[in-house]
Amino acid sequence: MENTFSEDKITPPQYVVFFDLDQTLADSVSGKLLAKGAFRNGLLKRSDLVNAVLLSFLFRLKLRDPLKIIDDMVGWVKGISENSLLELCSEVTGQLIIPSVYPEARAEIKYHKSKNAKVVILSSALKSVCEIIAENLNIDDIICSDLEIKNGYLTGRPLGHICFGEEKAIRLLEYCEKNNFSTTDAWYYGDSIHDFSALNSVGNPVCVNPDKKLKKSAIKKNWTVKNWKN
C-alpha cells in the first residue's frame, strides 16, 4: 500500500528517506496496542487476545516463522467493521503511538525535509495507523500493510503481502525505481534484524536502538547506530 501526502511539484526532492514505524519512529508496537485496544472496546474476545499475546511471544523469541506469525496475528480483525477499525486506529494512534514518537525522530525528519528530501514511512503497520502518523509528522508518503475488506467488514486476511522482511526491500526498490530515486543516495531507518534487507538496499542505513542481531550486523558492516529515548 502506497499513499502520497505531499504533492510539491515545484521543487523535486533530491533524495528519499524511509522510516520504519514500530520501535523506530516511535517507542511502541502498533499491532500490540491495537489488539489491546480492540479488547477494551469489546471488538476482541479474551481468547483472541491471549492468542495475540502468545504469537507476540513466539515472534520475540523467534520460535516460529515470523511471516506466518504476522499473517496469523492479522486474523483477529475478522468480522470487525471497517468503520470500527478506523475508529480504533484513530484512538490508539492519537492516544498512545503519537505520544511515544521519539523527539530524535521528529528532529531527523525535520533535518531531511530541510535538505529537500522525500520522507516515507516503510512499515508493516496498518495503513490507517500510518496515515495518521504521516500527517502528524509531516511525512510525504507511506508504504505499509493493508487489510482485505468485503461488504464493509474485514476478512481477517491481508490485502496483498504484509510489508515485512524481504517485502520491505522489494517495495523500497520498486518505490525508488518508480520515482527516479537513487538507492545509493537513499536512507532507511530500522530497528530489527527483520529490517536487514531494506537497510542493505540503501546507501545510508541507520539502525535505531537495534536488536542484538542487527547491532552485530551493523558493527560488522559499519552502519550508523543511533540510540533514541523518550
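Buried means a relative accessible area under 20%, exposed means over 50%, and partly exposed lies in between. The exercises below apply this scale and a few other cut-offs to a predicted model.

**Exercise 1. Decide whether cysteine 163 is buried or exposed, and find out how many disulfides the model contains.**

Step 1. Cysteine 163 has a relative accessible area of 0%, which is under the 20% limit, so this residue is buried. Cysteine 207, also with a relative accessibility of 0%, counts as buried too.

Step 2. A disulfide is a covalent bond between the sulfur atoms of two cysteines. The cut-off for calling one here is a pair of cysteine sulfur atoms within 2.5 Å.

Step 3. For cysteine 163, the nearest cysteine sulfur belongs to cysteine 144 and is 7.2 Å away, and cysteine 163 is in no disulfide. Over the model, the count of disulfides comes to zero.

**Exercise 2. Classify the ring pair of phenylalanine 19 and tyrosine 189, and say which strands the two residues lie in.**

Step 1. A pair of aromatic rings is described by the distance of the centres and the angle of the planes. Centres must lie within 6.5 Å for a pair, and planes under 30 degrees apart count as stacked. By this rule the model holds six aromatic pairs.

Step 2. The ring centres of phenylalanine 19 and tyrosine 189 are 4.3 Å apart and their planes meet at 15°, so the pair is stacked.

Step 3. Phenylalanine 19 belongs to strand β2 (residues 15–19), while tyrosine 189 belongs to strand β7 (residues 187–190), so the pair ties together parts that are 170 residues apart in sequence.

Step 4. Phenylalanine 19 is buried at a relative accessible area of 0%, and tyrosine 189 likewise counts as buried at 0% relative accessibility.

**Exercise 3. Classify the ring pair of tyrosine 102 and tryptophan 228, and place both residues along the chain.**

Step 1. Here the centres are 6.1 Å apart and the planes stand at 65°; planes over 60 degrees apart count as edge-to-face, so the pair of tyrosine 102 and tryptophan 228 is edge-to-face.

Step 2. Tyrosine 102 sits in the loop between α4 (82–97) and α5 (103–114), and tryptophan 228 in the segment after β9 (224–226), so this pair ties together parts that are 126 residues apart in sequence. Both tyrosine 102 and tryptophan 228 are buried.

Step 3. Ring pairs link these two residues with Phe19, Trp187 and Tyr189 into a cluster.

**Exercise 4. Work out in which sense β7 pairs with β2 and with β8, parallel or antiparallel.**

Step 1. Three bridges pair β2 with β7 in the parallel sense, and across this pairing valine 17 stands opposite tryptophan 187 in β7.

Step 2. Four bridges join β7 to β8, and these strands run parallel. In this pairing tyrosine 189 stands opposite valine 206 in β8.

**Exercise 5. Describe how β5 and β6 are connected, and examine the backbone of asparagine 151 and asparagine 209.**

Step 1. Strand β5 (residues 147–150) and strand β6 (residues 153–158) run antiparallel and are joined by three bridges. Isoleucine 149 has leucine 154 in β6 as its bridge partner.

Step 2. The two strands form a hairpin with two residues between them. Asparagine 151, in the loop between β5 and β6, has a positive phi of about 55° although it is not a glycine. The relative accessible area of asparagine 151 is 78%, so this residue is exposed.

Step 3. Asparagine 209 is also not a glycine, and has a positive phi of about 40°. This residue is found in the loop between β8 (204–208) and α9 (212–221), and is partly exposed with a relative accessible area of 25%.

**Exercise 6. Determine how α4 and α6 are oriented to each other.**

Step 1. Two packed helices are described by the angle between their axes and the distance between the axes. For α4 and helix α6 (residues 127–137) the angle is about 45° and the axes are 9 Å apart.

Step 2. Angles under 35 degrees count as roughly parallel, and 65 to 115 as roughly perpendicular. The angle of about 45° falls in neither range, and α4 and α6 are therefore oblique to each other.

Step 3. The crossing of α4 past α6 is right-handed.

Conventions: Residues are numbered from 1 along each chain as its sequence is written. This is a predicted model: local features need pLDDT of at least 70, side-chain atom pairs count only at pLDDT 80 or more; totals for chains, interfaces and linings use all residues. Side-chain values use heavy atoms; hydrogens and water are left out. Buried means under 20% relative accessible area, exposed over 50%, partly exposed in between (1.4 Å probe, protein chains only). Two strands pair if DSSP finds at least two bridges between them. Axes are lines fitted to C-alpha atoms, for helices over the stretch in contact, and angles run from 0 to 180 degrees between N-to-C directions. Angles under 35 degrees count as roughly parallel, over 145 as roughly antiparallel, 65 to 115 as roughly perpendicular and the rest as oblique. A crossing is left-handed if the near helix is turned anticlockwise from the far one by less than a right angle, and right-handed if clockwise.
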